[in-house]
Amino acid sequence: MKCLRCKKRIGEEDIYCGYCGIHQEKYQKYLNRVSAKIHKDRDRAYEKRIRKIEFEVEQLKKDRIKEIDRIKNNRWEFIGTKSFSYNLTEGKININGSVYLFSDIKGAEITRQDSYRVVTTSTGKSKKHISLGGGLIGGALAGVPGAVIGGSVLGKTKSKGQSFSSSIPTCNHIGVNVNINGFVSEIVLLSGDVDQSSQICEKVFEIAQQIVDKLRYLSKTPVPKKYLKPEEEQSVIDIDNKIEESKIKLEDAKNDKPTYEIPKEYL
Ligand SMILES: [Zn+2]
């Protein structure tokens, strides 16, 4: 190699130059410092360009994660409740957060419990306490998770007159029992008293029927032996390619480090 200062030929491993006596490594650092000082602007532009490309790479990596999530989520379809979904691409169902294969489904049936509530109406002077009655629907009816159903129900009545009681039919539980390899998992669609006169019971019952029909269909649908992983979908591969391009661009930018002729007075 050549001495960094006097340019005379010296040994590869030499720490000092035998001619001018300069410490090679320290002199290189010195040269770097001088270069940095006198060429701040170009160095700044260089750093800025690298940071910009690094940022690009980071953004693309985030896009990739988002795209994979989007593909994963898109494969799941819902029927009126978040407690049950199915995935035709991968041959899977999800019940209350647990995932099973179509072939694990051994049966499905609707569970329904009906009840009644008592309403007392009074004549004469009375003080009525209104309380909010009704039940909770466990995520049934898309977009209204846990909505409180039912109107005001008359509460305790203090009265000197006569009072009449009548019972109003309600449904207080609708769900689907799914037999998964002999174990039962329940998809709860409605829990709590809802008047049968309201349309809610029938609507939820319809959803239950749709879920049972779907489960019966899925239990006979073969589990796909092969399917693309989200990472293998074209949209993700496109992002992968962009990331590769940006990485090459980054390498090029890094190698394009400005070099300077240092003015003689510094040498
Ligand atoms: Zn030298």
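# Exercises on a predicted chain

Ala253 lies in helix 4. The model used in these exercises is a predicted one, and each task below is followed by a solution in steps.

## Exercise 1. The surroundings of Ala253

Task: determine whether Ala253 is buried, partly exposed or exposed, and find which residues Ala253 is in contact with once its neighbours within four places in sequence are left aside.

Solution. Step one is the neighbour count: 17 other C-beta atoms lie within 10 Å of Ala253. Step two applies the cut-offs, under which 20 or more such atoms make a residue buried and 12 or fewer make a residue exposed; the count for Ala253 falls in between, so Ala253 is partly exposed. Step three turns to the contacts, which, apart from neighbours within four places in sequence, are with Arg49, Ile50 and Ile53. As a further check on this region, the C-alpha atoms of Ala253 and Tyr46 are separated by 7.7 Å, although their positions lie 207 residues apart along the chain when counted as sequence separation.

## Exercise 2. Helix 2 against helix 4

Task: describe how helix 2 and helix 4 cross, and state what classes of residue make up their contact.

Solution. Two packed helices are described by the angle between their axes and the distance between the axes. Here the axes of helix 2 (residues 40-74) and helix 4 (residues 234-255) come within 9 Å and cross at roughly 165 degrees, and therefore helix 2 is roughly antiparallel to helix 4. The crossing of the two helices is left-handed. On the side of helix 2 the contact includes Arg49, Ile50, Ile53, Val57 and Leu60, while helix 4 contributes residues including Val236, Ile239, Ile243, Leu250 and Ala253. Sorted by class, the contact of helix 2 with helix 4 holds 10 nonpolar, 2 polar and 11 charged residues.

## Exercise 3. The sheet of strands 1 to 4

Task: give the order of the 4 strands in this open sheet, and explain why strand 1 and strand 4 each have one side without a neighbour in the sheet.

Solution. The strands follow the order 1-2-3-4, with antiparallel pairing. Strand 1 (77-78) and strand 4 (98-101) stand at the edges, and because each has a single partner strand, one side of each is left without a neighbour in the sheet. The pairings can then be followed across the sheet. Strand 1 is joined to strand 2 (residues 84-87) by 2 bridges, and Phe78 has Ser85 of strand 2 as its bridge partner. Ser85 is in turn the bridge partner of Asn94 in strand 3, within an antiparallel pairing of strand 2 and strand 3 over 4 bridges. Strand 3 and strand 4 likewise pair in the antiparallel sense over 4 bridges, and Lys92 stands opposite Leu101 in strand 4.

## Exercise 4. Faces and turns around strand 3

Task: say which side chains of strand 3 point to the buried face, and what phi Asn96 takes in the hairpin of strand 3 and strand 4.

Solution. In a regular strand the side chains alternate between the two faces of the sheet. Along strand 3, Ile93 and Ile95 point to one face and are buried, whereas Lys92 and Asn94 point to the other and are not. The hairpin of strand 2 and strand 3 has 4 residues between the strands, and Gly91 in its turn has a positive phi of about 70 degrees. The hairpin of strand 3 and strand 4 has 2 residues between the strands, and Asn96 takes a positive phi near 50 degrees there. Most residues other than glycine have a negative phi, and most peptide bonds are trans. Asn96 is exposed, with 12 other C-beta atoms within 10 Å.

## Exercise 5. The sheet of strands 5, 8 and 9

Task: set out the order of this open sheet of 3 strands, and identify which helix packs on the sheet.

Solution. The order is 5-8-9, with antiparallel pairing, and the edge strands, each pairing on one side only, are strand 5 (105-122) and strand 9 (183-195). The twist from one strand to the next averages 15 degrees. Strand 5 pairs with strand 8 (residues 163-180) over 17 bridges, and Arg117 has Ile168 of strand 8 as its bridge partner. Helix 3 (residues 200-219) packs on the sheet and touches strand 5, strand 8 and strand 9, its direction making about 175 degrees with that of strand 5. In the loop between strand 8 and strand 9 is Asn181, which has a positive phi of about 50 degrees although it is not a glycine.

Notes:
Residues numbered from 1 in each chain as written. Predicted model: local features only at pLDDT ≥ 70, side-chain atom pairs only at ≥ 80, totals over all residues. Pairing = 2+ DSSP bridges. Axes fitted to C-alpha atoms, helices over the stretch in contact; angles between N-to-C directions. Parallel < 35°, antiparallel > 145°, perpendicular 65-115°, else oblique. Left-handed = near helix turned anticlockwise from the far one by under 90°. Contact = placed C-beta atoms within 7 Å. Nonpolar A, V, L, I, M, F, W, Y, C, P; charged D, E, K, R; others polar.
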